[in-house]
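Student: I have a model open on my screen and would like to go through it with you. May I start with some short questions?

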Amino acid sequence: EWSIPAPTELTTEHSLPVLGFRPGLKHVVQVSARDQAGNVSPAIPLDFETASLPDDFPSLELSMSSPEKMEPGVTLFAFMRWPEGAALDEHFGLAVAVDEHGDIVWYRRSGHAIQDPHRMSNGNLLSLIGHYGAEEVDILGNVVTRWHASQHPNPEANAEVPEGSIPVATET
């Protein structure tokens, strides 16, 4: 159970991202509103069920957890996929956040390899992508900015540059 403070601006419409729900479970969110006079409405429960993880989602097994020795928050990491006997699957990318119990509380799947995701001071995530670039995404998974190595020696890598990507004068 936790609370999310709403914006202080008085309006008739609000939108707040609510994150951290476990996949495949029923959840209840209670919403109340405060008017200009300070009157608070009764909390309205909103029931919903989160989708289960995709069938091809990699399985996770927690072997040890010591929450008292951990930093607060979640652990963020990336999965890469090497099909048996093959090279890295360049079109599979998965960034995952787990809580102290190893439960998945957030993930983002993309069509390219994701490496070394880090949370930025603005709350967005910065990751290396493929062998040629980096991208910043917001916590809802929307791409904010992409950069690519404009001098990559492999012409195929340069042909796969996403639209709007910012060139950086480097090979990789």
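Student: How many cavities of 30 Å³ or more does the structure hold?

Tutor: This is a predicted model, and the structure holds 1 cavity of 30 Å³ or more.

Student: What volume does the largest cavity have?

Tutor: Its volume is about 40 Å³.

Student: Which residues line the largest cavity?

Tutor: The lining consists of Ala 95, Trp 106, Arg 108, Ile 114, Leu 125, Ser 127, Glu 135 and Val 137. By class, these residues divide into 5 nonpolar, 1 polar and 2 charged.

Student: And which strands each supply at least two residues of that lining?

Tutor: Three elements do so: strand 5 (104-110), strand 7 (125-129) and strand 8 (133-137).

Student: Changing topic to the sheet of 5 strands: what is the strand order, and is the sheet open or closed?

Tutor: The sheet is open, its strands follow the order 6-7-8-9-10, and the pairing is mixed.

Student: Which strands stand at the edges, and why is one side of each left without a neighbour?

Tutor: Strand 6 (114-119) and strand 10 (166-168) are the edge strands; each has a single partner strand, so one side of each has no neighbour in the sheet.

Student: By how many degrees are neighbouring strands of this sheet turned against each other?

Tutor: On average, the turn between neighbouring strands is 20 degrees, with direction ignored.

Student: Back to strand 10: is its pairing with strand 9 parallel or antiparallel?

Tutor: Strand 9 (residues 143-149) pairs with strand 10 in the parallel sense, over 3 bridges.

Student: Which residue in strand 10 does Trp 147 stand opposite?

Tutor: Trp 147 stands opposite Ile 166.

How values were computed: Residues are numbered from 1 along each chain as its sequence is written. This is a predicted model: local features need pLDDT of at least 70, side-chain atom pairs count only at pLDDT 80 or more; totals for chains, interfaces and linings use all residues. Side-chain values use heavy atoms; hydrogens and water are left out. Two strands pair if DSSP finds at least two bridges between them. Helices (H or I, at least four residues) and strands (E, at least two) are DSSP runs, numbered from the N terminus. Axes are lines fitted to C-alpha atoms, for helices over the stretch in contact, and angles run from 0 to 180 degrees between N-to-C directions. On a 1 Å grid over the protein atoms alone, a cavity is a set of points where a 1.4 Å probe fits but cannot get out, and a pocket is an open set with protein on both sides within 12 Å along at least five of seven lines; lining residues have an atom within 4 Å of a point. Grid points are joined across faces, edges and corners, and a volume is the space filled by probe spheres set on the points. Ala, Val, Leu, Ile, Met, Phe, Trp, Tyr, Cys and Pro count as nonpolar, Asp, Glu, Lys and Arg as charged, and the others, Gly among them, as polar.
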